[in-house]
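Biologist: Could you take a close look at the place where the ligand sits, and tell me what surrounds it and how that place relates to the rest of the chain?

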Amino acid sequence: MLKLDLSERSEAFRASLRDWLAKNPPPPAPVETSLEEFQRVGRAWQAQLASGRWIGTHWPEAFGGRGLTLVEEAIVQEELVRVAAPQVLGLFGLTMVGPVLISHGSDEQRKRFLPRILTGDELWCQGFSEPGAGSDLAAVRARAVPVEGGYRLSGQKIWTSFAHIADWCFVLCRTADSPKKHEGLSYLLVDMKSQGITTRPLRQASGDREFNEVFFDDVFVASDNLVGQPGDGWKIAISTLMFERVVLTFSRQLQSEVALNGLLREHGGTVAGSDAIELAQAVTSACATRALAYSHLLSYAKGKAPGPEGSMDKLLWSESFQRLCKLAVSLRGVSAALGEEHGEAAHDVHRYLYSRGRTIAAGTSEIQRSIIAERVLGLPRLRHEKA
Ligand SMILES: Cc1cc2nc3c(=O)[nH]c(=O)nc-3n(C[C@H](O)[C@H](O)[C@H](O)COP(=O)(O)OP(=O)(O)OC[C@H]3O[C@@H](n4cnc5c(N)ncnc54)[C@H](O)[C@@H]3O)c2cc1C
């Protein structure tokens, strides 16, 4: 693993976490298991971490965190990977809606939601994408009509990960018509137990049933559950995505380092030819991705808000993760290709299929490249002339 020199305070924090982990070891991470088992383990592990205050360490103390920086949060992720801990279940709450409520929510919303996000007692899902609004997110058509005391929400969301087990959904929807599609959008917190919500699971190539279609049919949402002001939805949605591309990506890229270490242990001394070159490329790409992510986290620790540079982290990580998963299947040979029922080969095939979605979720590679070109490098926007 790449090792960076961090401040004494950060290294002392790492030592105290190591100490805690030695006394409170994680359960084994589920491999090739049912979604139910994944949920059970992830929920229990999040509660255990929260009991030691190792969740949301970069959140302000007033909201249950420790008031540390994203660098310490990255150290938590590194240490959890080192001990091969299972993934916590409440990632959407921890990495997206939690930070959004801290920066844009009302005091009542923070008080109501943040403690249960930290413990994982309430799970969240992200209701952004629709059949006609993915890359072009501002085209959302789900509509919330103002009524006495709140809104009536109707419309369809799609690819909503974990909607079938979530308690709450943060929804981007239209509350007013406007000639500019980025305007008139609002950000609502919707109780998934409300009357009028139907959730239908969708099966992925990997066989998982992690995401869903969600239908809202005249669902009442109290005005207390509007984040910010009506019409603030686009600004808040973008800040949600910035957090998603930075913090969530950091923990995912560490997961790919675990996969890489496994490959090096198993094949490092024996590969030759093009496989050896690909393995070497996987190592350099993991180091570069991590160094870049750290340089961004260090700038956030100095007070900069996450911005479009998170697209670089997401693009580099998701594409190198795909190459790594493909290499793992190729090195495993026929047994992996056949996807044997049990064991490491089946795990490699499952991870390879899962990795295909990573260059789509949280914005496709094409969209990340455009963001980098226009908003990081300042290149002119391409416009297609009509013939
Ligand atoms: C595993 C997974 C989990 C997901 N979880 C969630 C979730 O929990 N909540 C949620 O709201 N969404 C979720 N999504 C949806 C995801 O955000 C969208 O799939 C993604 O934004 C792409 O939108 P789309 O599928 O509508 O594709 P489209 O936007 O229709 O894109 C189709 C193709 O056209 C390309 N394209 C589109 N526009 C442009 C452009 N301007 N320039 C260049 N190329 C372009 C795209 O790159 C892509 O290759 C998830 C997706 C996946 C794969």
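Modeller: What follows goes from the ligand outwards, to the domains, to one loop residue and finally to a pair of helices. The model is a predicted one, and every value below is computed from it. There are 18 residues around the ligand, and those that come nearest are Phe128, Gly134, Ser135, Gly357 and Thr364. Sorted by class, this shell holds 7 nonpolar residues and 10 polar ones, together with 1 that is charged. Three elements each supply at least two residues of the shell, namely strand E1 (124–127), strand E3 (150–161) and helix H11 (365–376).

As for the wider setting, the protein chain is divided into domain 1, covering 8–119, domain 2, covering 124–231, and domain 3, covering 235–376. The ligand lies between domain 2 and domain 3, because both of these domains give residues to the shell around it. The centres of domain 2 and domain 3, taken over C-alpha atoms, are separated by 28 Å. Where these domains touch, 10 residues of domain 2 are in contact with 9 residues of domain 3, and the side that domain 2 contributes has 6 nonpolar and 4 polar residues but no charged ones.

Within domain 2 (124–231), a residue that can be followed in detail is arginine 141, which is placed in the loop between E1 and strand E2 (143–147). Arginine 141 counts as partly exposed because 13 other C-beta atoms lie within 10 Å, whereas a residue is called exposed at 12 or fewer and buried at 20 or more. If its neighbours within four places in sequence are left aside, arginine 141 is in contact with Glu130, Gly132, Ala133, Gly155 and Arg174. Threonine 175 is 34 residues away from arginine 141 along the chain, yet the C-alpha atoms of the two are separated by 9.7 Å.

To complete the picture, one can turn to domain 1 (8–119) and to a pair of helices there. Helix H1 (residues 8–23) packs with helix H3 (residues 70–82) at an angle of about 35°, and their axes are 10 Å apart; the crossing in which H1 passes H3 is right-handed. On the H1 side the contact is made by Ser10, Phe13, Arg14, Leu17, Arg18 and Leu21, and on the H3 side by Val71, Glu72, Ile75, Val76 and Glu79. By class, this contact of H1 with H3 comprises 6 nonpolar, 1 polar and 4 charged residues.

Terms used:
Residues are numbered from 1 along each chain as its sequence is written. This is a predicted model: local features need pLDDT of at least 70, side-chain atom pairs count only at pLDDT 80 or more; totals for chains, interfaces and linings use all residues. A residue is near a molecule or strand if its C-beta atom, placed from the backbone, lies within 6 Å of it. Helices (H or I, at least four residues) and strands (E, at least two) are DSSP runs, numbered from the N terminus. Ala, Val, Leu, Ile, Met, Phe, Trp, Tyr, Cys and Pro count as nonpolar, Asp, Glu, Lys and Arg as charged, and the others, Gly among them, as polar. Domain bounds come from an automatic or database domain assignment. Axes are lines fitted to C-alpha atoms, for helices over the stretch in contact, and angles run from 0 to 180 degrees between N-to-C directions. A crossing is left-handed if the near helix is turned anticlockwise from the far one by less than a right angle, and right-handed if clockwise. Two residues are in contact if their C-beta atoms, placed from the backbone, lie within 7 Å.
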